[in-house]
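This report describes one protein chain, from its overall form down to single residues. Please keep the sequence and the structure in view while reading.

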Amino acid sequence: MSNDPLLQPYQLKHLTLKNRVMITSHEPAYPEDGMPKDRYRAYHVERARAGVAMTMTAGSASVARDSPPVFNNILAWKDEVVGWMKQLTDECHDHDCAVMIQLTHLGRRTRWDKADWLPVVSPSHAREPAHRAFPKRAEDWDIARIITDYADAAERMQAAGLDGVEIQAYGHLMDQFWSPLTNDLDAPYGGNLDNRLRFTFDVLSAIRERVGDQFIVGVRYTADEDLVGGLTAADGMEISRRLRDCGMVDFLNVIRGHIDTDAGLTDVIPIQGMRNAPHLDFAGQIRAETQIPTFHAAKIPDVATARHAIASGKLDMVGMTRAHMADPHLMRKVLEGREDDIRPCVGANYCLDRIYQGGMALCLHNPSTGREIEQPHDIAPAETPKRVTVVGAGPGGLEAARVAATRGHSVTVLEAANQPGGQIRLTALQERRREMMSIIQWRYDQCQKLGVQFRFDTFAEAEDVLATTPDEVIIATGGFPHTDVLASGNDLVVSAWDILSGDVAAGQNVLIFDDAGDHAALQAADVVSATGAHVEIVTPDRSFAPEVMAMNLVPYMRTLQARDVTFTVTWRLISVEREGNQLRATLGSDYGGMTQDRLVDQVVVNNGTRPLDDLYFDLKPRSRNLGAVDYEAFANGAPQEVAPNPDGAFRLFRIGDAVAARNTHAAIYDGLRLARVL
């Protein structure tokens, strides 16, 4: 047997877990009609097949009709969920992977204008900032019916064959009862800690009455809200002891913090640039005090950190949830001694930020996650090896090269720079986003292992491409900043890239016009404001940086609000003109009829990129497909058959920003789904 701490089995009650790595409960927002159907099942089964010991479904399956899903949650209050959960569980069990589900009532962490338009309910009228709903203050009959709802849901999960359930108590109804900030009820469910915990123990009693003593029941809970007036670490330790002593709880899954605001949520689930495993020691303290099986997950992105968590005795089971979104085969690679091949989680948090904007979870780094059916993680070999030439070694080009080489093709990459990276290399110049370089480094390392030939310092012309005698050509040359957006004065502005690269020094009174809403403007503001300069970010949107999304915005705001930075929404930069040794920037409004002026010494424009596509158009008339793409085939993973010019010597495609300004995930996804059918 291996001496690796991660590979040791663990006995949880009657359940033997084959190793110490688990996927904690999370909602990837894949349900259809509230049910975990094919997409949801394929996602979990992929990870079970690769060797994870336990997968927890649902970032809170809803137990009640008045807990409407805001993250496309599983509806555990419907009887039809049993059949779908049984299919998922049976398939995971076939791979010796345990399955549990997290059950919850969202309380105030939802909205009244979802589903049946019922009032949200909580132990007080206090509104949650994130979802903005003013709740109904719970009555006795609300409490009684919700207790029954929990028991009903647990019974359904037992009937579906799951190994256990986890009750959610951080930010949802359960711990809204716990916290003095969100519970102003009178006794018996409000007042002192005994009363505030009564709802929890009533729920646990009702569940145990339904499922018996052998079914596994745990609690994922905040043991320290880290909020003035909220639950303290001392409160959390006392709650932990009471959960242990009640005899109804088989494991504790420890959380530290609060999730009622974007900032709070980001501290609970840290993103790139934030410290790894910030709450691990705290979870270890609870395990040491309670001596009850203890689980935990919070930015444990790599095997070394996970191994330490187990070897040090801080945890019994370690959660690597986002790490398994980046690489579902993580445990297989550990078991095979191929840890260097693990695709690393870079903490970009594209997965969670998409959920909170109503989308399904997608991994910035791995476009097959969530698309296991359409875009399997395993790449099939090609029937006929070909010569494939890729121009551009950014994320899209590297992905195309990696996938093509995995299929057995002979691949050559031409890159103008002296190293791979594209726009990500610029992004990663800032310390807070340096983890993004792993997107490039992993692909480059994989390409080298697969024998891909790289020619750096090659600004490719058509003749350079033709000299490789390609069967397939993929143009992944990216784009270049587009700043020609003003009625006048375009020659007086600089791009966000100019600031990030250091090609242009920061001014002292700077206006940044952001009409793209992505990271570049905020990164430029960070660079400029760090010099002590005054910065105003102006956007025509109703909110700034919408493409950055909620949790990624938090570190920027913590930095920029501490400096001389202001944010102005709903105004558009119209023109710039010289005025002495300054610049007069004129702002207009899409709402009509108004202008404002600013006197500054520098204007920075972030308006996305325009494709670097000269090479593509030079090659297009010589290609067999004349650059055309069958979008039906492209979307459905079928081979490209378009060939209007049969005399052409090669087929020609372009991907990523060489087509149009999008994002990193789009470029990688383009590279994957094109190259896997070449």
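A residue is called buried when its relative accessible area is under 20%, exposed when it is over 50%, and partly exposed in between, using a 1.4 Å probe and protein chains only. At 24% relative accessibility, Asp471 therefore counts as partly exposed.

The model is a predicted one, in which local features need pLDDT of at least 70 and side-chain atom pairs count only at pLDDT 80 or more, while totals for chains, interfaces and linings use all residues. Residues are numbered from 1 along each chain as its sequence is written, and side-chain values use heavy atoms, with hydrogens and water left out.

## The chain as a whole

The protein chain contains 22 helices and 27 strands. Both are DSSP runs numbered from the N terminus: helices are H or I with at least four residues, and strands are E with at least two. The C-alpha trace spans about 75 × 65 × 45 Å along its principal axes. The radius of gyration of the protein chain is 27 Å, which agrees with the value near 26 Å for a compact globule of 678 residues. This radius is taken over C-alpha atoms, and the globule rule is 2.2 Å times the number of residues to the power 0.38.

Of the 678 residues in the protein chain, 61% are buried. Two residues are in contact when heavy atoms lie within 4.5 Å. Among the contacts with a separation of 6 or more, 72% join residues that are 24 or more positions apart. The protein chain exposes about 25,600 Å², of which carbon and sulfur atoms supply 47%; such areas come from the Shrake-Rupley method with a 1.4 Å probe, and for residues only the protein chains shown count as cover.

The side chains include 69 positive and 92 negative ones, and the centres of the two sets lie 2 Å apart. Here Lys and Arg count as positive and Asp and Glu as negative, whereas His and the chain ends are not counted. Each charge is placed at NZ of Lys, CZ of Arg, CG of Asp or CD of Glu.

## Two helices

The table sets out two of the helices; the expected span is 1.5 Å times one less than the number of residues.

| Helix | Residues | Length | Span, first to last C-alpha | Expected span |
|---|---|---|---|---|
| H3 | 140-159 | 20 residues | 29 Å | 28 Å |
| H13 | 395-406 | twelve residues | 16 Å | 16 Å |

In H3, the buried residues include Ile143, Ile146, Ile147, Tyr150, Ala154 and Met157. An α-helix has 3.6 residues a turn, so residues three or four places apart point the same way. H3 is followed by Gly161, whose phi is positive, near 90 degrees.

How many of the twelve residues of H13 are buried? Eleven are, so H13 is largely enclosed by the rest of the structure. Among them are Leu398, Val403 and also the charged residues Glu399 and Arg402. Just after H13, Gly408 has a positive phi of about 100 degrees.

## Residues in loops

Asp471 lies in the loop between helix H16 (462-466) and strand S16 (472-475). Leaving aside neighbours within four places in sequence, Asp471 is in contact with Lys386, Arg387, Arg624, Phe650 and Arg651. Asp471 and Ala643 are 172 residues apart in sequence, and their C-alpha atoms are 13 Å apart in space.

Ala643 itself is in the loop between helix H21 (631-636) and strand S27 (651-654). Its relative accessibility of 39% is why Ala643 counts as partly exposed. Not counting residues up to four places away in sequence, Ala643 touches Arg624 and Asn625. From Ala643 to Pro293 the distance is 61 Å, C-alpha to C-alpha, with their positions 350 residues apart in sequence.

Is Asp341, in the loop between helix H11 (330-335) and helix H12 (350-355), buried or exposed? Asp341 is buried, because its relative accessible area is 13%. Not counting residues up to four places away in sequence, Asp341 touches Asp327, Lys333, Trp442, Gln446 and Lys449.

Some loop residues are marked by their backbone angles. The peptide bond from Ala187 to Pro188 is cis, with omega near 15 degrees. Lys13 has a positive phi near 60 degrees although it is not glycine, and Met549, also a residue other than glycine, has a positive phi near 75 degrees. Lys13 is partly exposed at 34% relative accessibility, whereas Met549 is buried at 11%.
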